[in-house]
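Thank you all for making the time this morning. I would like to walk through one model with you, moving from place to place, and I will try to keep to what the coordinates let us say.

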Amino acid sequence: MSDPTDLRLVATARPRPTGVVLVDAHVVDVVAGTSAPGAVWVRDGAIAALGSRDEVRAAAGDTPTESLDGAYLAPGLINMHTHFSLALPGERGRYVTGLDDAGIALHMADGARRALLAGITTVRCVAERDHVDITLRQAIRRGEALGPDMFTAGQGLVCTGGHGHGSGSTLECDGPDAFARGVRTQIKAGADLIKVMISGGIAGEHEGIATPQLTDAEMAAVISTAHAWGRKVTAHAGPAEVIERAVRLGLDCVEHGYELTPEVTALMAESGTALVPTLVVTRCGEFFDELGVPRWMQERSLGAGERHVQSYRMALDAGVEVLVGSDMPPFWLFEGTSAIVREMEHMSSFGLGPVATLQAGTIGPARWLGAGDRTGSIEVGKQADLVAMDRDPLRDTAHLRGIRWVMKHGEIVRDDRRAVAA
Ligand SMILES: [Zn+2]
């Protein structure tokens, strides 16, 4: 069927570009919260120069030019709460759970590709099945799979019967020694950070959101072991009392925070503990219906929505750093856009505003991940991880709905004008 010429064409179908000068753009400076007309020289995957079209063109020699037709050029988005192997109770969850090792790898690779095309150039995965996330992260690095840069926790650590147990995405531990071993097991497998479930959650029928699940000694073992190995710890956590104990033990980040109080948010702000509020998970009835999620879980989730937003506002008032994370598959088409953009719209409209929301989805996460020198903003020397849209995301978070062009490490992976199929 195919001759050697065809094979060569296939092998070079996605050549690595050596350079391009992006012109006719409004370049968003996410750190300053401003945007200005300008051009960007991308070379060898990184930003080589920024400035006026004439300056950048002169510096870039014979590098080809690409017009962005007046688009706003922003840093690629970073999603801090991702599960590519997510399996919620219900029909779709049963399908995902039923996949074998090869099947789940392909399923997760598909999610990674969709996330990148949605404009997410970096993800933080917080509990994935059977260390397939580590394999996927390496495949993306080698260019064998298309997806965002991944920082991943491996399996989440839980107590016996704890939140998310029994899915392969978690490892059950009991007692401080077992939790320390659990941390080491994830690091041995290749984890970049540690995720621990310290309270109940929405998706467990036998537990309440407020059920405390770890002793102080267990939490201390997780945090001190992870820190000794240079890894940060983030905790799935709902109630203030449990969070307060963990923050005092050195916790780096709280997921969800469904039931915060002014006291615990003040403590988090003082301790530098970040919050990934995942607001969308208590306001996603449409998504749950699509997945066939059972009634009891929907009621618990949607019923927690009001308190969840109160918690989020308390965190903002106290000055806690908030970061964008969707928990839902970030690329999921939901209420007319992707889950990550919907999450950012909620964060913005419930008090953060568009400038700080864009920072919470770009430079803030990059710094938390220790990657602030490589990504998260458009600056000379950083990776060319970029998205483009027709209207300014600093003025209105909903303008992110218009993302139509995506570049990762200098490679254009999406361009709706040319219908590039990456
Ligand atoms: Zn989650």
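Ala228 counts as exposed, because its relative accessibility comes to 67%. The residue belongs to helix H7, which covers residues 216-228, and its C-alpha atom is separated by 30 Å from that of Leu77, with the two positions 151 residues apart along the chain. I should say straight away that what you see is a predicted model, and everything that follows should be heard with that in mind.

A second separation of this kind involves Arg300, which has its place in helix H11, residues 295-303. Arg300 and Asp373 are 73 residues apart along the chain, and their C-alpha atoms are separated by 40 Å. With a relative accessibility of 22%, Arg300 counts as partly exposed, because buried would require a value under 20%.

Let me turn to the open sheet. In what order do its seven strands lie? The order is S3-S2-S1-S4-S16-S17-S18, and the pairing is mixed. Strand S3 (46-51) and strand S18 (411-415) stand at the edges, and each has a single partner strand, so that one side of each is left without a neighbour in the sheet. On average, and ignoring direction, neighbouring strands of this sheet are turned by 35° against each other.

Within this sheet, strand S16 (residues 386-389) and strand S17 (residues 405-408) run antiparallel and are joined by three bridges; one residue of that pairing is Val387, whose bridge partner in S17 is Val406. If we follow the chain into the loop between S17 and S18, we find His409, which has a phi near 50°, a positive value in a residue other than glycine. As a reminder, most residues other than glycine have a negative phi. His409 counts as partly exposed, since its relative accessibility is 29%.

Asp44 also has a phi near 50°, again a positive value in a residue other than glycine. This residue is found in the loop between strand S2 (34-43) and S3, and is it buried or exposed? Asp44 is exposed, because its relative accessible area reaches 63%, and the cut-off for that term is over 50%.

Thr63 gives us a loop residue with a buried position, since its relative accessibility is 13%. The loop in question runs between helix H2 (53-59) and strand S4 (65-75). Leaving aside residues up to four places away in sequence, Thr63 touches Gly19, Val20, Val21, Trp41 and Arg57, and its side chain reaches the backbone oxygen of Ala60 at 2.6 Å.

I would now like to move to the metal site. Which protein atoms act as donors of the zinc ion? They are NE2 of His81, NE2 of His83 and OD of Asp327, lying 2.1 to 2.3 Å from the ion, and along the chain these donors follow the spacing H-x1-H-x243-D. His83 and Asp327 link distant parts of the chain, 244 residues apart: His83 lies in the loop between strand S5 (77-82) and helix H3 (91-97), while Asp327 lies in the loop between helix H12 (305-318) and strand S14 (333-334). Both of these residues, His83 and Asp327, are buried.

The last region I want to show is a right-handed β-α-β unit, made by S6, helix H5 (residues 132-142) and S7. Strand S6 (residues 120-125) pairs with S7 in the parallel sense over four bridges, and within that pairing Arg124 has Phe151 of S7 as its bridge partner. Strand S7 (residues 149-152) is covered on both faces, with Asp149 and Phe151 buried on one side and Met150 and Thr152 buried on the other.

Between S6 and H5, in the loop of that unit, lies His131. The side chains of His131 and Gln186 are joined by a polar contact of 2.7 Å. Apart from residues up to four places away in sequence, His131 touches Gly154, Gln155, Thr185, Gln186 and Ala189.

I will stop there, and I am happy to go back to any of these places on the screen.

Notes: Residues are numbered from 1 along each chain as its sequence is written. This is a predicted model: local features need pLDDT of at least 70, side-chain atom pairs count only at pLDDT 80 or more; totals for chains, interfaces and linings use all residues. Side-chain values use heavy atoms; hydrogens and water are left out. Helices (H or I, at least four residues) and strands (E, at least two) are DSSP runs, numbered from the N terminus. Buried means under 20% relative accessible area, exposed over 50%, partly exposed in between (1.4 Å probe, protein chains only). A polar contact is a pair of N or O atoms within 3.5 Å; within protein, one must be able to donate a hydrogen and the other to accept it, and residues adjacent in sequence count only if both atoms are side-chain atoms. Contact means heavy atoms within 4.5 Å. Two strands pair if DSSP finds at least two bridges between them. Axes are lines fitted to C-alpha atoms, for helices over the stretch in contact, and angles run from 0 to 180 degrees between N-to-C directions. Donors are N, O and S atoms within 2.8 Å of the metal (3.2 Å for Na, K and Ca); water is not among the atoms, so sites may look incomplete. A crossover is right-handed if, with the strands pointing away from the viewer, the path from the first strand over the helix to the second runs clockwise.
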